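This report walks through one protein model. Look over the sequence and the structure first, then read on.

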Amino acid sequence: MAETYDPRHTAVLLVDPYNDFISEGGKLWPRLEPVAKKVGLVDNLRSVVTSAREAGIQVVFVPHRRWEPGDYETWAHPNPTQRNIKERHTFARGTWGGEFHPDFQPQAGDVVVHEHWAQSGFANTDLDFQLKQHGITHAVVVGVLANTCIESTGRFAMELGYHVTLVRDATAAFLPEMMNAAHELNGPTYAHAIVATGALVTSFKEARS
């Protein structure tokens, strides 16, 4: 049975749509490109966000911490991703790589939550507070990376009592094996629905009518 989404209580969580991730020339794009192009990541993200806005569904930007000089330098336990960011200055504030992809710019009515330091969009941010204030019960989690920030944000959402939808082809990872783990092994342990972009867009259109 197809999932249904009440626009009054549904949000699309757009995680980390940075140029460094999903734009040609981004620092991480070469690693992401094979899987991203195979699944049609950017086109599918456009479809999800556009159809959400047309249906009156809340769009929420869930950005990673933009690197700044001194970040992680004195931390006791930076994780492997944070150590890489410290070395490569990924998503550096004030740079092109640290800007959102030009097709994913916040619009009037969108919510941009506080930047997350690690992999969950909820930990140490105002995401849960913002969703509750907007009456959200259903979270559709899209963006990157499937096996890190998407999974951590989705799991945390489930723990907080939200209905969680993953979208197989509106996310990507560095390796096909990571995508398989995200959707075939781990996703079914916490997500209430795992769908393709086409099915989700149809559900959004039906919610609009």
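Is lysine 205 buried, partly exposed or exposed? Lysine 205 is partly exposed, because its relative accessible area is 47%. Buried means under 20% relative accessible area, exposed means over 50%, and partly exposed lies in between (1.4 Å probe, protein chains only). Lysine 205 sits in helix H8, residues 197–208. Helices (H or I, at least four residues) and strands (E, at least two) are DSSP runs, numbered from the N terminus. Lysine 205 and alanine 52 are 153 residues apart in sequence, yet 8.5 Å apart in space, C-alpha to C-alpha.

The model is predicted: local features need pLDDT of at least 70, side-chain atom pairs count only at pLDDT 80 or more, and totals for chains, interfaces and linings use all residues. Residues are numbered from 1 along each chain as its sequence is written, and side-chain values use heavy atoms, with hydrogens and water left out.

**The sheet**

An open sheet has 6 strands in the order E3-E2-E1-E4-E5-E6, with parallel pairing. Strand E3 (111–112) and strand E6 (193–195) stand at the edges. Each has a single partner strand, so one side of each is left without a neighbour in the sheet. Two strands pair if DSSP finds at least two bridges between them. Strands of a sheet pair through backbone hydrogen bonds, either parallel or antiparallel.

Three of the parallel pairs are set out here.

| Strands joined | Bridges | One residue and its bridge partner |
|---|---|---|
| E1 and E2 | 5 bridges | leucine 14 and phenylalanine 61 |
| E2 and E3 | 2 bridges | phenylalanine 61 and valine 112 |
| E4 and E5 | 6 bridges | histidine 138 and histidine 163 |

Strand E2 covers residues 58–62. In E2, 5 of its 5 residues are buried. Gln58, Val60 and Val62 lie on one side, Val59 and Phe61 on the other, and both faces are covered. In a regular strand the side chains alternate between the two faces of the sheet. E5 is mostly covered too, with 9 of its 10 residues buried.

**Helices on the sheet**

Helix H2 (residues 29–39) lies across strand E4 (138–144) and strand E5 (163–172). H2 runs at about 105° to E5. H8 packs on the sheet as well, touching strand E1 (10–15), E4, E5 and E6. The direction of H8 makes about 130° with that of E5. Axes are lines fitted to C-alpha atoms, for helices over the stretch in contact, and angles run from 0 to 180 degrees between N-to-C directions. Contact means heavy atoms within 4.5 Å.

Helix H7 spans residues 176–186, and its buried residues are Met179, Ala182 and His183. Seen down the axis of H7, these fall within an arc of 70°, so they line one face of the helix. The arc is that of the directions from the helix axis to the C-beta atoms. On the other side of H7, Glu177 and Leu185 are exposed. The cover over the buried residues of H7 includes H2, helix H6 (146–159), E5 and E6.

**The cores**

A nonpolar core is a set of buried Ala, Val, Leu, Ile, Met, Phe, Trp, Tyr and Cys residues joined through side-chain atoms within 4.5 Å. The largest one has 44 residues. Phe21, Ile22, Leu32, Val142 and Phe204 have the most contacts inside it. The largest share of this core, 7 residues, comes from helix H3 (residues 41–55). Apart from this core lies another, of 21 residues, among them Leu13, Val113, Tyr162 and Tyr190.

Which residues touch leucine 32, leaving aside its neighbours within four places in sequence? They are Phe21, Ile22, Leu41, Val144, Leu145, Ala172, Ala173 and Phe174.

In H3, the buried residues include Leu41, Leu45, Val48 and Ala52. Asn44 and Ser51 are buried there as well. The expected span of a helix is 1.5 Å times one less than its number of residues. The 15 residues of H3 should therefore span 21 Å, and its end C-alpha atoms are 21 Å apart, which agrees. Glycine 56 follows H3, and its phi is positive, near 80°.

**An exposed loop residue**

Glutamate 24 lies in the loop between helix H1 (19–22) and H2. Glutamate 24 is exposed, with a relative accessible area of 53%. Not counting residues up to four places away in sequence, glutamate 24 touches Trp29, Glu33, Lys37 and Trp96. Glutamate 24 and leucine 127 are 103 residues apart in sequence and 29 Å apart in space, C-alpha to C-alpha.
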